[in-house]
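User: I would like a close look at one binding site in this model, followed by an account of the surrounding parts of the fold.

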Amino acid sequence: MGKIMLDGHAIPFKLGDNILQTALEANLEIPHFCYHAALGSLGACRLCAVEITPKDSGKAPRVAMACLEPSEDGLKVSVSAIAAQQVRQHVIEFLMINHPHDCPICDEGGECHLQDMTVVCGPPYRRYRGRKRTFPNQDLGPLIHHEMNRCITCYRCTRFYQDYALGNDLGAMRLRNEVYFGRFQDGPLENPFAGNLVEVCPTGVFTDAIFRQHFARVWDLKTAPSICPHCSVGCNTLPGARDGTLRRVRNRAHPELNRWFICDRGRYGHQYSEHSARPLAPRVSGTDTSYHDALNAAASQIKSTQDCIGGLGSTREDLEGNAMLQALLNNLGGIFTAFSDPKLETATIAAVSSLQNIGNAPSLAEIEQIDAALIIGDLTAHAPMIDLALRQAYRKGAKLAFLYSSPTPLAQFATTAITVSPQEMCTELSRLYQLINAQSAAEDITDTPMTDIAASLMGARKSLLIGAIETMTSQEVSTLSKLATALGSDTKLAYAFSGANAYGAALLSPTGSAVAMLEAVEAGQIRILIVAGNDPLGDSRFGTRWRAACRNLSALIVLDCILTATAKAADILFPVAAWTERGGTFINYEGRAQGFATVFHRPEYLPNVARVITDLAQYLGHSLQAAPSVLGDIFSDFQIPKPGTTGSLITAPSLPMPATASAHSIQESCNSTWQAALASWYGDEALASFAPGLMALTPKTVAMIEPTSAIDAGIKNGSKIKLRGSSGSMVLSVRFNQDVATGTIAIARNVLVQLGVGHGDSLELEQVL
Amino acid sequence: MNNILKELQKDLLHLPRTHPKRRAVAIPAMQALQAELGYLDDAAIEKIAQITGLSTTEAEELATFYSLIYRRPAGRHTVRICDSVCCSMRGADQLLTAAEEYIRTPLGTVTPDGALTVLPGICLGLCDKAPAALVDGEALGPLNDASLKALLQRLQQKD
Amino acid sequence: MEALLTRHLDPVAPLNLVAYQATGGYRSLTSAFDLKPEKIIGIVEAANLRGRGGAGFPCGLKWRLRGADAPSPRYLICNLDESEPGTFKDRYLLYGGPHQIIESIIVSAFALQAERAFIFVRGEYAKGGNALNQAIQEAETAGLLGTNIRGSGFNLQIEAHLSGGRYICGEETAQINAIEGKRPNPRHKIPRPSTHGLWGQPTTTNNVETLINVPHILLNGADWFRELGVNGGCGSKLFCVSGKVKHSGLFELPCGTPARELIFEHAGGLDENRALLGFLPGGASTAFLLPKHLDVPMDFDPIAKAGSRLGTGSIIVLDDATCPVEVTLNLMRFFARESCGFCTPCRDGLPYLTQILTTISSGSGRADDLALLDELCATIASQSFCAFAPGAVMPLVSSLKCFHDHYEHHVTTGRCPFNEANKNGA
Ligand SMILES: Cc1cc2nc3c(=O)[nH]c(=O)nc-3n(C[C@H](O)[C@H](O)[C@H](O)COP(=O)(O)O)c2cc1C
Ligand code: SF4
Ligand code: FES
């Protein structure tokens, strides 16, 4: 490894790095705008001017751009040389010609790269005496505010948006000093990663419109390292709060997970914690009360019962909360599970079990390096940042293959995409398994899409099999894991779980406990149910049964930070701290345990779940150990990961692969020809659905049907149909869509809930004239 | 839709979404559509996007770069008067002022009768005919106040 | 010297294929196909044919540096975007004789073993582009283009791309982006377009005038070509003369002919026989020269030595009734308007210069403005992304030097010494 001499210091460099990268790597700042670690060099801003003296030639020093000059051994580089300083000062002066001097009212204040650079490089006081060029702004939707006059034309926004995130509705228009970054017409940015523009832009052109509604100066924000609670990827975040309210969430780099970016759900979903309907006071039988009285009420209910007690944890509840609830139930001799949906429980446990057998899921950084992937279902909504990582793999030439039932944005980059109805997914996966197992795919002369997939997976250097658990059955999971084994060690397996701590929840939930609990409640054997961060009554597939079953309860005790259907129905409700208001641990899709810290406290007393359970135990006369030691008992040598560190893989006893029940036992009575499929979108998640900004972008509620099967059934595009499920019916208009499997109707989650059907369940369809 | 566009559309129909040809024909497609419409309104940009498979924003990125792709209405006849160095030395600036006065419409806009758009342009490669103009693509020069007025008058009467 | 490149040009009725062949057209194909491509490159190199697009890079060397082992497909681009103020030679070539262009592309593409060629035609030359397309079709029908041309085993397809119109599209890498249908910002030139050009493939770009010399070199030899020049120049050169001269026009003369001969003999001298104030020797993006430079041979190295560039060989003449500040302001407006907007010094620096010049020209300039202009030009010229901005400030920097007194006068008196009457109507 060679070294460059940077203002007299020997700085080692990686081969292929340029001078700017070398300096930044060594924590030495060379002023720059257009260079961005994720986006690379462009050479447009011309701010990173340095003076370069070639090692052993008599050549005079020259000023050049550090981002475009490769580091070479012995190269002498000076940032401080007068000639370089002069260039940087001129560049700043040029950039400030048209920049509005609106710093006092600019949302970027305090973290403005332009301001920092202006101060560092100059300050070149204004010499320009002409008029400023001005631009109109665009309405880019509820999440991002546009202020074009502040633009310094570094092209970071379009390079991120078009090149990195593969969006196509933000671009650079016009030319000369009128280059304009915007959309063809006003309207919300469509890319699920658009919010990163806020951080990518070095000045205040793109700012956080949600933060803006309740602005605080950034140096007044309280921050602490946190983990995004909105999916199982576990992106690292830096929330900022002020005066007892959460104002915004930003990316916090994790070297193997999210490095520079997070998804819009992660950035804007936090509004759930400021939602006007958020429960903030304990409630007993519909009336607000004190924490003490609520604990008393709960304790007396529990004490008075002879029956079994159920404890329903959650995949979005942290490890501590789930473990404490389980500990309490152990003490009380009740049943615990973290899953309200038995199908989801088996699928999740099957997935964790196969990961334990086959090897850990790859990190996002590793996913970016794969060259072939098979993707089952939709990742954009279930693990947005895995979608973004796969976009990077695609940019490098990876072949992406899809088996999916309903539209998924990532499929636009597919090499092979096959729509498969939910009920046939398992068969198709088995077919693929046979193709690969027989090693015949390569020679197979029938060149079907499926053999293409087999061939591309078998021919890959590094491949990935990944599925969205929420729309998979345990059989599919086990077939996929067989596939991974057949493909060998160059193939990685991963799942997008449902819930930030689904992996952890699975480790704590015995197989079959969800169905056991549901049946026990239905049979009246469980008369008291404690629900922590779960929403059984709002479940799409099992909600109907849970709602009926819960009528048997003498007390429904709910702990949550959002007002779910279950929380609304609670007899005793304990509002708990939201994720930014407490510390805890999540286990992400890789099995990585990551800690998050308390960012701030609200004025109300909002304990976390573990605290409420500990207090409740005390009121019941039990004394529970503290969460760390409870966890230490379950997972040997478990250390609670420190917030702000990279976390570590959890070691847990192997889960048994659940025995596979017949695929569609739930609704066999219904002999309809149509199946439901979940049409997901990236804002669709339990917590985020309480975030008004994101929800303003909810796609129109329609029934998406594949054109040929619709036409066969005499259904017209745009016509109205009535869909009926176990708990109700709904009239929707039909939207033809090629990305829906034959015989399948793709509908949004709220429609599934209303109809009482899950992904893959049968549906009755009636035409409305 | 004219034949050139139809041909282009047919060519692209079965190409993959990311095929480089889709971009490469964007400007020819715009030129063909503009030949028909006189300028490209928003609907035309949408049409280009539909034919090429680019997004409307991507089409707009290109359309707004070029000086000969008009995103604003143009008259039935366009008169581009060169205002670069050689023509300017030979009186182009006065010609432009005279033209603006004569048509009583600002440069770059359409006369109320829809007949004319007069606009300044960069060097037309007609420096040997300075001051020169490109009238509906046809080179003219050298012009003077009188010949320009006569020209504008003639164009206004032509359809 | 007998006209070589312009001999058969006819802007009114350009020769069709048959007529062009009757003048000896397409004869060079036979010579070319008999030779090995490397051999042709060697001949072009020996002829010392330098690029006519502005930079004067030796054509043979450029071809050789691309490498014979460059991977397929290989592309040749014929640059016919001509937008440099003062330059109109390529227009004559296009309108006057499309077959000459096609012939030269065929032999050049053969030398480069390029299977596809693009002619990037300036948008304003649409009519010429149509005629060119017709000529391409004629050539295709006659088997001069397509597969296995005249049994040589060589395949070539030519496409004309009509530009959407912008000066920057003439720049090699911006042009590549334009052809690909991307925004025509210039590209970083590492890796070089010769290896990573159009769609990432080896691509060679030459000005149309450069290329049309190639058939003649093949037919007559390198020595013959070199000897066409005078005063050390090589070959024949198309010179444009415009501005304040009696007979603006295109003149084909030996490379190395001095400006004095061009301006005073061929262009008939200055309007109203006024005195010469100065001239731009190679188009708008070159430095001003003064009457004392009239005898410098119009060739790449001598003009560079005199402090300017031969550029496109397009002389723009200023007489003593023309305000050089006004002319320079016009040039800067042009460049500020045509900047692609990619890099900061060009995008924001040129309008800054224009603004200062405007105040000076309107009489409200300040004494320190002249030093400020110099200071800003230094950064803009040396630190821009492509060659546009360095070219753009060249006339300004030289104008500040050559016509310093005029600037001083504007700043100190607050008036332009050339009153309106002198600004000369058409
Ligand atoms: C801003 C700019 C504009 C240019 N415009 C043209 C042009 O219109 N025609 C041209 O042939 N070369 C033009 N060039 C030069 C080309 O980049 C390229 O060097 C040339 O076409 C190579 O051909 P040659 O080697 O035969 O001269 C331009 C260069 C710059 C920097
Ligand atoms: S991918 Fe998941 S964890 Fe990451 S920011 Fe988005 S919702 Fe949060
Ligand atoms: S035009 Fe942008 S720097 Fe050259």
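How many residues of the shell around ligand 1 are nonpolar, how many are polar and how many are charged? Please start from that shell and go on to the backbone and packing features of its chain, and then turn to chain A.

Analyst: The model is a predicted one, and what follows should be read with that in mind. The shell around ligand 1 divides into three nonpolar, nine polar and six charged residues. In total, 18 residues surround this ligand, and the closest of them are C:Gly53, C:Lys62, C:Asn206, C:Asn207 and C:Thr210. Among the elements of chain C, strand 4, which spans residues 203-207, gives the most to the shell, with three residues.

Several polar approaches can be described atom by atom. A polar backbone atom of C:Gly53 lies 2.7 Å from an oxygen atom of ligand 1, and a polar backbone atom of C:Arg52 is 3.2 Å from an oxygen atom of the ligand. A side chain takes part as well, since an N or O atom in the side chain of C:Asn79 is 3.0 Å from an oxygen atom of ligand 1. On its own, ligand 1 has 610 Å² of accessible area, and the protein covers 89% of it.

Elsewhere in chain C, helix 3 (residues 37-46) has as its buried residues C:Pro37, C:Ile40, C:Ile41, C:Ile43 and C:Val44. When the helix is viewed down its axis, these buried residues fall within an arc of 160°, so they line one face of helix 3. The partners against which the buried residues of helix 3 pack are helix 2 (27-34), helix 4 (59-66), helix 6 (98-112), helix 9 (208-220) and helix 10 (222-227) of chain C. Just after helix 3, C:Asn48 takes a positive phi of about 55°.

The backbone of chain C has further features of this kind, and they are best read against the usual pattern. Most residues other than glycine have a negative phi, and most peptide bonds are trans. C:Gln113, which is not a glycine, has a positive phi near 50°; this residue lies in the loop between helix 6 and strand 2 (116-121) of chain C. With a relative accessible area of 28%, C:Gln113 is partly exposed. C:Trp199 is likewise a residue other than glycine with a positive phi, here near 45°, and its place is in the loop between helix 8 and strand 4 of chain C. The relative accessible area of C:Trp199 is 26%, which makes it partly exposed.

Two cis peptide bonds can be added to this account. One joins C:Ser72 and C:Pro73, with omega at about -10°, and C:Pro73 lies in the loop between helix 4 and strand 1 (75-80) of chain C. The other runs from C:Ile190 to C:Pro191, with omega near -5°, and C:Pro191 is found in the loop between helix 8 (172-180) and strand 4 of chain C. The loop between helix 8 and strand 4 therefore holds C:Pro191 as well as C:Trp199.

Chain A offers another site to set beside this one. The shell around ligand 2 includes A:Cys228, A:His230, A:Cys231, A:Cys235 and A:Cys263, with A:Arg265 and A:Met385 also among its members. Helix 7 (264-268) and helix 12 (384-395) of chain A are the elements that give two or more residues to this shell. By class, the shell around ligand 2 holds eight nonpolar residues, three polar ones and one charged residue.

A:His230, a member of that shell, is also in contact with A:His270. A:His270 lies in the loop between helix 7 and strand 14 (283-284) of chain A, and at 4% relative accessibility it counts as buried. Apart from neighbours within four places in sequence, the contacts of A:His270 include A:Ile210, A:Leu246 and A:Arg248. A:His270 and A:Thr237 are 33 residues apart in sequence, and their C-alpha atoms are 11 Å apart in space.

A last loop residue of chain A is A:Asn534, placed between strand 23 (526-532) and helix 18 (543-550). A:Asn534 is buried, with a relative accessible area of 10%, and a polar atom of its side chain lies 2.8 Å from the backbone oxygen of A:Gly313. Beyond its neighbours within four places in sequence, A:Asn534 is in contact with residues including A:Leu312, A:Arg316, A:Phe339, A:Asp560 and A:Thr566.

Notes
Residues are numbered from 1 along each chain as its sequence is written. Chains are lettered from A and ligands numbered from 1 in the order in which they are written. This is a predicted model: local features need pLDDT of at least 70, side-chain atom pairs count only at pLDDT 80 or more; totals for chains, interfaces and linings use all residues. Side-chain values use heavy atoms; hydrogens and water are left out. A residue is near a molecule or strand if one of its heavy atoms lies within 4 Å of it. A polar contact is a pair of N or O atoms within 3.5 Å; within protein, one must be able to donate a hydrogen and the other to accept it, and residues adjacent in sequence count only if both atoms are side-chain atoms. Accessible areas come from the Shrake-Rupley method with a 1.4 Å probe; for residues, only the protein chains shown count as cover. Helices (H or I, at least four residues) and strands (E, at least two) are DSSP runs, numbered from the N terminus. Ala, Val, Leu, Ile, Met, Phe, Trp, Tyr, Cys and Pro count as nonpolar, Asp, Glu, Lys and Arg as charged, and the others, Gly among them, as polar. Buried means under 20% relative accessible area, exposed over 50%, partly exposed in between (1.4 Å probe, protein chains only). The arc is that of the directions from the helix axis to the C-beta atoms. Contact means heavy atoms within 4.5 Å.
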